[in-house]
Amino acid sequence: MKSFMATYLTETSAYHALAVHHQQIHDVHLRELFANDSTRGERLTLDALGIYFDYSKHRINDETVNLLLALAQERGVAEKRDAMFRGDKINVTEKRAVLHIALRAPRDAEIFVDGVNVVPEVHAVLDKMSAFSKRVRDGEWQGATGKRIRNVVNIGIGGSDLGPVMAYEALKFYSARDMNFRFVSNVDGTDFAEATRDLNADETLFIISSKTFTTQETMTNAQTARNWFLSQINDERAIAKHFVAVSTNEQEVVRFGIDAANMFVFWDWVGGRYSMDSAIGLSTMLAIGPENFRAMLDGFHAMDEHFRTAPFEKNMPVLMGLLAFWYNTFFDAQTIAVLPYDQYLKRFPAYLQQLTMESNGKRVTLQGETIEYQTSPIFWGEPGTNGQHSFYQLIHQGTKLIPCDFIAFTQTLNKLPPHHDILMANVFAQTEALAFGKTADEVRAEGTPEWLVPHRVFPGNRPTTTILAEKLDPATLGKLIALYEHSVFVQGALWDIDSFDQWGVELGKVLAKKILGELETGDLGTGDLRLEHDSSTNALIRKYRASKK
C-alpha cells in the first residue's frame, strides 16, 4: 500500500485545521445555524438511490464539511477505497483481500484476487443456493420420512448469526409464512432448547454456519442439534436430509455427517461481519426466496457503486463516516444511537454493533503504533417509538452528547391507519426537539412556575441524521447495510487502523478452553486442583465446582 497513511492522524495539517475550527464552532447552536441560513434544511441533504439523507441538523457549517473532506483527502480515503475494490490485501495483519463487494457484483463484473476473477465463483454459489432454496420452499426437498421441510434452524454465532437473524426480521413481510425460522447462537443451552422445543425433527432443516467448522459455540450447538435429531429419528443416514453446512472446511463437514454436496462455500476474503450476503445468508434466501435475495444484493451493489464513484461531497457513506469521526474525535461523543422507526428493523442496531465495533474497536495503527485518540464509538439503539419511553430522556436532557441516526420510511408495509402517520410524526418531532430544544423563556411563556423552569428546559443542539426511504424492501435493506459498511471503512481509513481483523476476540476464547477443562475434571474438591489464574478467577472456579456437587 502507499505510504500516505504513515503520518500520525493528530500530526496532519487537516487535523490541526479541524481542531482550530472546532474551537470556533463548538458552542454555536443549531438554532443560530438555521436562523442564519434559510436554505440549510434543503441544502445539507443528499437524495440518491432512493434514500434521502438529511444531515442539516448537525453541528457543522460549510467550513466544517470542507475541512472534513480535506482530511479524507489527506488520509487517502479514496486511494484505500480503490485498493479494496481492486482486491488488494488491505487486511494487513491477516494478509487478505477485503471483497464483500464481490458478493453482490453482477455476473459480468471482474474482481481479481491473486490473479483469479472471483465473480464466477460467487455466482456459482448463489446459483446453488437458489436451486436448493427453491426445492425446499416448493416442498420438493423432503426429509427422511417423506415430509416437506417446515422448520429451518440456523446455527452460527457472530457474523454467522447476527446478519441472518437481522435480515430475517427485517424482511419478514416477504418471508414464506408457512415455514418457521429459528436462530441459535448462544452456547447457553437455553437458546437451543427454546428454539427447538415445539419442532418435529422430520420437518426440520439445520443450517450449520461456521467458516472453519471448529468454532466452539457453533459446533457445541451443532452436536446438540445432531443428538436432538437422532433422538427422534434413529438413523444416521437421515442426517444428510436434515443438515446442510455453510463452511470452507469440507473434511470436518463430512466428518460431522453432512453430505459434501450440501455444503455451501464462502471465502477468506469475506469477514464474518460482512458475510450476510454470501452463503451465510442461506437462511435468508430460504425465507424470502431467491428473487428477493438477489434484489437485496442489487441494493448492496447500488450503494457500492455510489461509494466508488460519487464525489466525496455527494457521497453518502463518506459524509456519514466523516460526521461520526467529527463527533467521536472532537466532541468526545462516546456513542451513536441508531433509531429505526420500523419494527421490522428491531435487530438492526444489534447487527451494527458487530459491524462497527468489531471493525474499528482497535488501539494500534496499521503500523502497530499505539493510538492516543478515540477510535470506534459505541453503537446502540432500539426501534422507535419504544425508545422514546426509555432512554430518550438521557439524549434530550442528559449530560452526554449522543449523535443519533433516525431511519424511517414514507410508506408502511402494514397499512393500519392512523399508525404510520403517528409514527412519522414522532420521527420528525424528535429530530426537531433534539436540534432546537426549548429555552427557559419559552418554558416561562407557557406559564410554568419559576421553580420548575430548569427541569423543563431542553438544551437542544443534539445532532441527528435522518435517513428516509420509501419503504423497507429487500433492495433498500441492502442499501442501508452497505451504507453503514462503507461508513465504517471511511472511519477506519481516517484513524489508520485495520478495520477487517478481529484479534480482540481471541484471548477470551483461549482462556475459556483452558478453564473448561478445569470445570469438567472429575475431582470436585478444592484442595487437590491446582489453578493457575489470578485469585479472583481461582475463587470463582472453585465456587462453581463446589456447586456442581
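Start by selecting valine 253: this residue is buried, with a relative accessible area of 0%. You're looking at a predicted model, so keep that in mind as you click around. Valine 253 sits in helix H11, which covers residues 250-256. Now show what surrounds the side chain. Leaving out residues up to four places away in sequence, valine 253 touches Phe213, Ala245, Ser247, Ile258 and Met263. For a distance to try in your viewer, pick the C-alpha atoms of valine 253 and alanine 240: they are 13 residues apart along the chain and separated by 11 Å.

**Zoom out: the whole chain**

Colour by secondary structure, and you'll have 22 helices and 13 strands to look at. The radius of gyration is 25 Å, close to the 24 Å that the globule rule gives for 549 residues, so the chain is as compact as a globular protein of that length. Turn the model around: along its principal axes, the C-alpha trace spans about 75 × 65 × 55 Å.

How much of the chain is buried? Buried residues make up 55% of the 549 residues. Next, turn on the surface. The accessible surface comes to about 23800 Å², and 50% of that belongs to carbon and sulfur atoms. Colour by charge and you'll find 56 positive and 69 negative side chains, with the centres of the two sets 4 Å apart.

Here's one about how the chain folds back on itself. Take the contacts between residues at least 6 apart in sequence: 74% of them join residues at least 24 apart.

**Stop one: the five-stranded sheet**

Select strands S5 to S9. They form an open sheet of 5 strands in the order S6-S5-S7-S8-S9, with parallel pairing. At the edges are S6 (180-184) and S9 (263-264), each pairing on one side only. A bit of background: strands of a sheet pair through backbone hydrogen bonds, either parallel or antiparallel.

Now select S7, residues 204-209, together with S5, residues 151-155. These two run parallel and pair over 5 bridges. Want to see particular partners? Asparagine 151 bridges to threonine 204 in S7, and valine 153 bridges to phenylalanine 206.

Then add S8, residues 243-246. S7 and S8 pair in the parallel sense over 4 bridges, and isoleucine 208 has alanine 245 in S8 as its bridge partner. That alanine should look familiar: Ala245 is among the residues that valine 253 touches.

Is S7 enclosed or open? 6 of the 6 residues of S7 are buried, so this strand is largely enclosed by the rest of the structure. In a regular strand the side chains alternate between the two faces of the sheet. Show the side chains of S7 to see both sets: Thr204, Phe206 and Ile208 are on one side, Leu205, Ile207 and Ser209 are on the other, and all are buried.

**Stop two: histidine 242 and isoleucine 233**

Select histidine 242, which lies in helix H10. Histidine 242 is buried, with a relative accessible area of 0%. Which residues does histidine 242 touch? Not counting residues up to four places away in sequence, the list includes Gly143, Ala144, Ile149 and Phe229. Histidine 242 also touches Thr204, Leu205 and Phe206, residues you've just seen in S7.

Now step back to isoleucine 233, in the loop between helix H9 (216-232) and helix H10 (239-242). With 12% relative accessibility, isoleucine 233 counts as buried. Setting aside neighbours within four places in sequence, isoleucine 233 is in contact with Ala201, Asp202 and Ala238. Ala201 and Asp202 are also touched by histidine 242. Try another distance here: isoleucine 233 and asparagine 200 are 33 residues apart in sequence and 9.9 Å apart in space, C-alpha to C-alpha.

**Stop three: helix H7**

Select residues 162-170. 9 of the 9 residues of H7 are buried, so this helix is largely enclosed by the rest of the structure. Among the buried residues are Leu162, Met166, Tyr168 and Glu169. What covers them? The cover includes S5, S6, helix H12 (282-288), helix H15 (348-360) and helix H20 (474-495).

**Last stop: a hairpin**

Finish with S1 (residues 45-48) and S2 (residues 51-54), which run antiparallel and are joined by 4 bridges. Threonine 45 has aspartate 54 in S2 as its bridge partner. The two strands form a hairpin with 2 residues between them, and leucine 49 in the turn has a positive phi of about 60 degrees.

How values were computed
Residues are numbered from 1 along each chain as its sequence is written. This is a predicted model: local features need pLDDT of at least 70, side-chain atom pairs count only at pLDDT 80 or more; totals for chains, interfaces and linings use all residues. Side-chain values use heavy atoms; hydrogens and water are left out. The radius of gyration is taken over C-alpha atoms; the globule rule is 2.2 Å times the number of residues to the power 0.38. Buried means under 20% relative accessible area, exposed over 50%, partly exposed in between (1.4 Å probe, protein chains only). Contact means heavy atoms within 4.5 Å. Accessible areas come from the Shrake-Rupley method with a 1.4 Å probe; for residues, only the protein chains shown count as cover. Lys and Arg count as positive and Asp and Glu as negative; His and the chain ends are not counted. The place of a charge is taken as NZ of Lys, CZ of Arg, CG of Asp or CD of Glu. Two strands pair if DSSP finds at least two bridges between them.
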